[in-house]
Amino acid sequence: MDSDVLSPADAASGASAAGSPGASPALPRHQAPTDRPDAGHEWWRTAVIYQVYVRSFADADGDGTGDLAGVRARLPYLAALGVDALWFNPWYPSPLADGGYDVADYRAIHPMFGDLAEAEALIREAGELGIRTIIDIVPNHISHEHEWFQAALAAGPGSPERERFWFRPGRGEHGDQEPTDWVSSFQGSTWTRTTNPDGTPGEWYLHLFTPEQPDLNWNHPDVRAEHEDVLRFWFDRGVAGVRIDSAALPVKDEALPMLPVDPAPGQHPHVDRDEIHDIYRAWRAVADSYEQPRVLVGEVWLEDAARFARYLRPDEMHTAFNFDLMTQPWDAEAMRRSIRRTLAEHAPVGAPATWVLSNHDITRPVTRYGREDSGFAFDRKRFGTPTDLALGTRRARAAALLTAALPGCLYIYQGDELGLPEVELPREVIEDPMHFRSGGVDPGRDGCRVPLPWSGDGVSLGFGPDDAAEPWLPQPAAFAALAVERQEADASSMLALYRDALALRRDRDDLREGDLAWHELGADVIAFTRGGTVASITNLGGAPIALPDHRGVLLASSPLAAGMLPPDSTVWLAVEPAGDESA
Ligand code: NOJ
């Protein structure tokens, strides 16, 4: 038996507001879990974090859009699910050119979601249930409606207001060519030309995403001071941490060169530049200045493991999303390799791994795993892809148990605990700029953002009150059978599986914190023990496999037949303590 043991201790040990629009007033602090004297030390190392896409979670006022009152009303549901923290996608005022990742004002709440007092009440009430709050911060860009950008447009070329962004004349005799050849993360151009007050064409400005999301200039002291003040604004309101959007992108090469063919690490003009780490060191100092330190979670998409790990050094972020597993196909070898790679890359910096099966940008797992191409890639999404949802659901159940048994922090995207599929929406209701900027080829990301079904009937399946407006994206009829109310009454539902898994993970120190040891049970099987006393076995092959000796079955993603684990299933077993030949 393979005894490749990795201890979580190895894997895991491991300003001024000048120029900012409105410095935060001093506030009395709420007694959030973050501030309680008994607050769990380094809770983020093993936390289960539930992602709330507010617009689609629950609609209390019946206008067809989710809101904070809806989340407050459903806090008991989240407590019963057994999560430790909520991560909210951007909830700020925004024209929603990119689902709220175009922030117009960091110190307020979008009126369609509620107001600041409601956010404070939500943070407090979640805290009373032992649930922490993480919010989204988007440093790379702001909304074109933000007062800074409006001031920059009005002030004109050469003004100090424009220095907070990347305004440049165009290339060529008439300045009609883009200043660089950089390619947008959403495909296409990264520059938009402005118009002068007299109607003549003016300077261009940089946007790595849509034109409604101008990039900020992180060499400017206002930009740094403003973000540090925004962090304090929310930390003072009891927020336990921030999820940092597009965290490898904010720093640019000031010379704005053309794209080099093969840039040295840290030298790409706008991705993962070496200087970026100063920003997060400064943020870490802000986070650490609180009696109960706040937490930084990075959205860092980088293939180079060593470069990724640099963001997790002890004086930078606490954790970062690990997207590698989610990009793998349903294949034991590929997934095992990804898990090993992830654990190995985190070990040297002492940061815990995170396990992410999906989020608001990614095709839902039950759909992905029901397709021939079961790994995820943004550029492979197409309308009309054949999908076997029964197969995908079986595999998503197995993946849920597999990831919940791994060492580190677990993310659950709202609706995955219900097994919701990706929805293929009619083109006319799609709002996502990824769809439009692909020329309509990519269905975009709205298919995983469809409002949740809470009951099996009513105009929006319980998303809103009975007399509510239609939900902002249409729910398919198949959502009725997946509604929370239906699943709560069914012990074999996806929701029941998630609740049972999270309860076991919370109760059992071995499962949550024990050393991981790999076990060899065949090429199509991913098997490991935690703490030597609980085994997780996932069968990705085509035939049932015999269970090893064990003391009892703790949980299984599919019914076991005659002591055999069926294909596309995971089982958790209680086993003899390490040293015995049990797992
Ligand atoms: C990553 C976010 O998850 C995504 O939804 C957004 O479009 C981009 N960053 C740009 O902010």
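This is a short talk about one small sheet and the ligand site in this structure. Keep in mind that the model is predicted.

I will start with the sheet. Three strands make up an open sheet in the order E5-E7-E6, and the pairing is antiparallel. E5 and E6 are the edge strands, each pairing on one side only.

So what does E7 look like? Strand E7 covers residues 201-206 and is mostly covered, with 5 of its 6 residues buried. Buried here means under 20% relative accessible area. On general grounds, side chains in a regular strand alternate between the two faces of the sheet.

Now the two neighbours of E7. E5 is residues 167-168, and 2 bridges join E5 to E7 in an antiparallel arrangement. If you want one pair to find on the screen, take Arg168, whose bridge partner in E7 is Trp204.

On the other side, E6 is residues 191-195, and 4 bridges hold the antiparallel pairing of E6 with E7. Here the pair to look for is Trp191, which stands opposite Leu206 in E7. How many residues lie between E6 and E7 in their hairpin? There are 5, and within that turn Gly199 has a positive phi of about 90°.

That is the sheet. Next, the ligand.

Which residues come nearest to the ligand? There are 13 residues around the ligand, and the nearest are Asp98, Asp245, His360, Asp361 and Arg445. Sorted by class, this shell has 7 charged residues, 3 polar and 3 nonpolar.

For polar contacts, I have three to show. In His141, a polar side-chain atom lies 3.0 Å from an oxygen atom of the ligand. Arg243 also places a polar side-chain atom 3.0 Å from a ligand oxygen atom. The third is Arg445, where an N or O atom of the side chain is 3.0 Å from an oxygen atom of the ligand. As for cover, the ligand on its own has 300 Å² of accessible area, and the protein covers 96% of that.

To recap, the sheet runs E5-E7-E6, E7 has 5 of its 6 residues buried, and the ligand has 96% of its accessible area covered by the protein. That is what I have for today.

Methods:
Residues are numbered from 1 along each chain as its sequence is written. This is a predicted model: local features need pLDDT of at least 70, side-chain atom pairs count only at pLDDT 80 or more; totals for chains, interfaces and linings use all residues. Side-chain values use heavy atoms; hydrogens and water are left out. Buried means under 20% relative accessible area, exposed over 50%, partly exposed in between (1.4 Å probe, protein chains only). Helices (H or I, at least four residues) and strands (E, at least two) are DSSP runs, numbered from the N terminus. Two strands pair if DSSP finds at least two bridges between them. A residue is near a molecule or strand if one of its heavy atoms lies within 4 Å of it. A polar contact is a pair of N or O atoms within 3.5 Å; within protein, one must be able to donate a hydrogen and the other to accept it, and residues adjacent in sequence count only if both atoms are side-chain atoms. Accessible areas come from the Shrake-Rupley method with a 1.4 Å probe; for residues, only the protein chains shown count as cover. Ala, Val, Leu, Ile, Met, Phe, Trp, Tyr, Cys and Pro count as nonpolar, Asp, Glu, Lys and Arg as charged, and the others, Gly among them, as polar.
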